[in-house]
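Reader: I am new to reading protein structures and would like to be guided through one, feature by feature. Could you show me the general idea each time and then the case at hand?

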Amino acid sequence: MWDDREEEQARQFEKMTATHLYCNNCGRSMPVQETLLLVLPDGELYDYRCAKCHESVGTRKETKRPSLEIKGE
Ligand SMILES: [Zn+2]
């Protein structure tokens with residue numbers, strides 16, 4: 001059966017955007033675009049690129065929290 005709660009949970013995963021990082025190319029802090037670079041077994045690696053010149057200004061690894069779900073069996 002369709003479970004509405006699943007949709008509610010998905011909505012909570014709002015992407016963090018409008019991040020500003022220093023861009024060497026532009027010589028100032030610039031808004032960056034977040035791109036998913038790699039999916040790792042324990043998380044995801046994001047690449048940040050300057051929104052203006054598309055120079056890579058940094059990466060971020062987002063580690064997944066270990067699942068704390070305990071299924072009683
Ligand atoms: Zn730039």
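**Reading a sheet, its turns and its core**

Author: Let us begin with a single pair of residues: in strand β4, the bridge partner of Y48 is G58. Please keep in mind throughout that this is a predicted model.

Reader: Before we go further into that pair, which elements does the protein chain have, and in what order do they run from the N terminus?

Author: The protein chain contains 1 helix and 4 strands, and from the N terminus on the elements follow one another as α-β-β-β-β.

Reader: How are the strands ordered in the sheet, and in which sense do they pair?

Author: The 4 strands make an open sheet in the order β1-β2-β3-β4, and the pairing is antiparallel. Strands β1 (20–23) and β4 (56–63) stand at the edges with a single partner strand each, so one side of each has no neighbour in the sheet. If direction is ignored, neighbouring strands of this sheet are turned against each other by 40° on average.

Reader: How many bridges join β2 to β3, and how many join β3 to β4?

Author: Strand β2 (residues 28–40) is joined to strand β3 (residues 43–50) by 8 bridges, while β3 and β4, which also run antiparallel, are joined by 7 bridges. Along the first of these pairings you can find V39 opposite E44 in β3, and L40 opposite G43 in β3. On the other side of β2, the antiparallel pairing with β1 extends over 4 bridges, and there H20 has P31 in β2 as its bridge partner.

Reader: How should I read the turns that link these strands?

Author: For a hairpin, look at how many residues lie between the two strands, and then at the backbone angles in the turn. The hairpin of β2 and β3 has 2 residues between its strands, whereas the hairpin of β1 and β2 has 4 residues between them, with G27 in the turn taking a positive phi of about 70°. The hairpin of β3 and β4 has 5 residues between the strands.

Reader: Which residue in the hairpin of β3 and β4 takes a positive phi, and why should I notice it?

Author: The general idea is that most residues other than glycine have a negative phi. Here H54, which lies in the loop between β3 and β4, has a positive phi of about 65° although it is not a glycine. H54 also counts as exposed, because it has 12 C-beta neighbours inside 10 Å, and a residue is called exposed at 12 or fewer.

Reader: Now that I have seen an exposed residue, is C23 buried or exposed?

Author: C23, whose place is in strand β1, counts as buried, because it has 23 C-beta neighbours inside 10 Å and the cut-off for a buried residue is 20 or more. Not counting residues up to four places away in sequence, C23 touches R28, M30, C50, C53, E55 and V57. The last of these shows how folding can bring distant parts of a sequence together in space: C23 and V57 are 34 residues apart in sequence and 5.8 Å apart in space, C-alpha to C-alpha.

Reader: Which residues form the largest nonpolar core?

Author: The general idea is that, in soluble globular proteins, nonpolar side chains tend to be buried together. In this model the largest nonpolar core has 6 residues, namely C23, M30, V32, Y48, C50 and V57, and the elements giving two or more residues to this core are β2 and β3. Of the 73 residues of the protein chain, 8% count as buried. With residues up to four places away left out, V57 touches L21, Y22, C23, V32, Y48, R49 and C50, so that list includes the core members C23, V32, Y48 and C50.

Reader: Returning to the pair with which you began, what is G58 in contact with, leaving aside its neighbours within four places in sequence?

Author: G58, found in strand β4, is in contact with L21 and with Y48, the residue that is its bridge partner. G58 is partly exposed, with 14 other C-beta atoms within 10 Å, and between G58 and C23 there are 9.2 Å in space, C-alpha to C-alpha, for a separation of 35 residues in sequence.

Definitions and conventions:
Residues numbered from 1 in each chain as written. Predicted model: local features only at pLDDT ≥ 70, side-chain atom pairs only at ≥ 80, totals over all residues. Pairing = 2+ DSSP bridges. Axes fitted to C-alpha atoms, helices over the stretch in contact; angles between N-to-C directions. Contact = placed C-beta atoms within 7 Å. Core = buried A, V, L, I, M, F, W, Y, C linked by C-beta atoms within 7 Å.
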